[in-house]
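Reader: Please show me the model, and then explain how the terms used for its helix packing and its pocket are justified.

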Amino acid sequence: MSTANRSLYLANTIDVLKRHWPDNRTVNVVCHGHSVPAGYFATPMVDTLNAYPHLLHVGLKHLFPFSVVNVIVTAIGGENSESGAKRFREDVLDKRPDIITIDYGLNDRGIGLVKSKASWEGMIKAASALEIKVILLTPTADATQSPTGEENGKRQLAEHAEQIRQLAAAHEVGLADSFAAFHEYMKTGTLSDLLSWSNHPNRQGHDLVARELLRWFPMA
């Protein structure tokens, strides 16, 4: 098993995004998760227009100028995947999304790998049963744990990132590897360049996440 083929996974949705009126229709993308997709920067500031769901929306409109796209945020600050899974049907599936992104890696450190895996799998299976495409996101960085996750024995973020990669491969869904993108940036920059708060990205950090998501929308 492997992560979905980036050039093919969203082909049907991309075909819709390319259509002109009157042959097009509205495409719904739902961003589910915790404070990062909710747009929290320096708590309690919520900077929606600089958070990755909005940047994704802008990017999609740039790629597909004739499309009608809704990017709907169902994220809640402070939430973990257990709570997110409980409201998944009512808050996410009932919006009839074409694509769902799931981002709980930072907060799932509080519930551990086993409970986190069960919750993510429940959401993935519920979406897949309805033929809804899913893109999983590995966590963005936390100032207490660098993107390598190796300092002072603190590997929780790295472990959750790896589990999310494994889930994407096992269920053959999409993966936006924010964790790897932050790690790559750290080869030439510093973590403070990407954070607005100890565990929240700034605009530059959100740009990295949006870039990883937009890679799933090839134009060819």
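Author: The exchange below takes up helix packing and then the pocket. This is a predicted model, in which local features need pLDDT of at least 70, side-chain atom pairs count only at pLDDT 80 or more, and totals for chains, interfaces and linings use all residues. Residues are numbered from 1 along each chain as its sequence is written, and side-chain values use heavy atoms, with hydrogens and water left out.

Reader: Why are H8 and H9 called oblique to each other?

Author: Helix H8 (residues 178-185) and helix H9 (residues 203-214) pack at an angle of about 125 degrees, with their axes 9 Å apart. Angles under 35 degrees count as roughly parallel, over 145 as roughly antiparallel, 65 to 115 as roughly perpendicular and the rest as oblique, and H8 and H9 are therefore oblique.

Reader: What makes H3 oblique to H9?

Author: Helix H3 (residues 52-63) and H9 pack at an angle of about 50 degrees, their axes again 9 Å apart, and that angle makes H3 oblique to H9.

Reader: Which residues of H8 and H9 meet?

Author: With contact meaning heavy atoms within 4.5 Å, Ser178, Ala181, Phe182 and Tyr185 in H8 meet Gln204, Gly205, Leu208, Val209, Arg211 and Glu212 in H9.

Reader: Which residues line the largest pocket?

Author: A pocket is, on a 1 Å grid over the protein atoms alone, an open set of points where a 1.4 Å probe fits, with protein on both sides within 12 Å along at least five of seven lines, and lining residues have an atom within 4 Å of a point. The lining includes Tyr9, Asn12, Arg25 and Lys133, and its largest share, three residues, comes from helix H1 (residues 11-18).

Note on methods:
Helix = DSSP H or I, 4+ residues; strand = E, 2+ residues; numbered from the N terminus. Axes fitted to C-alpha atoms, helices over the stretch in contact; angles between N-to-C directions.
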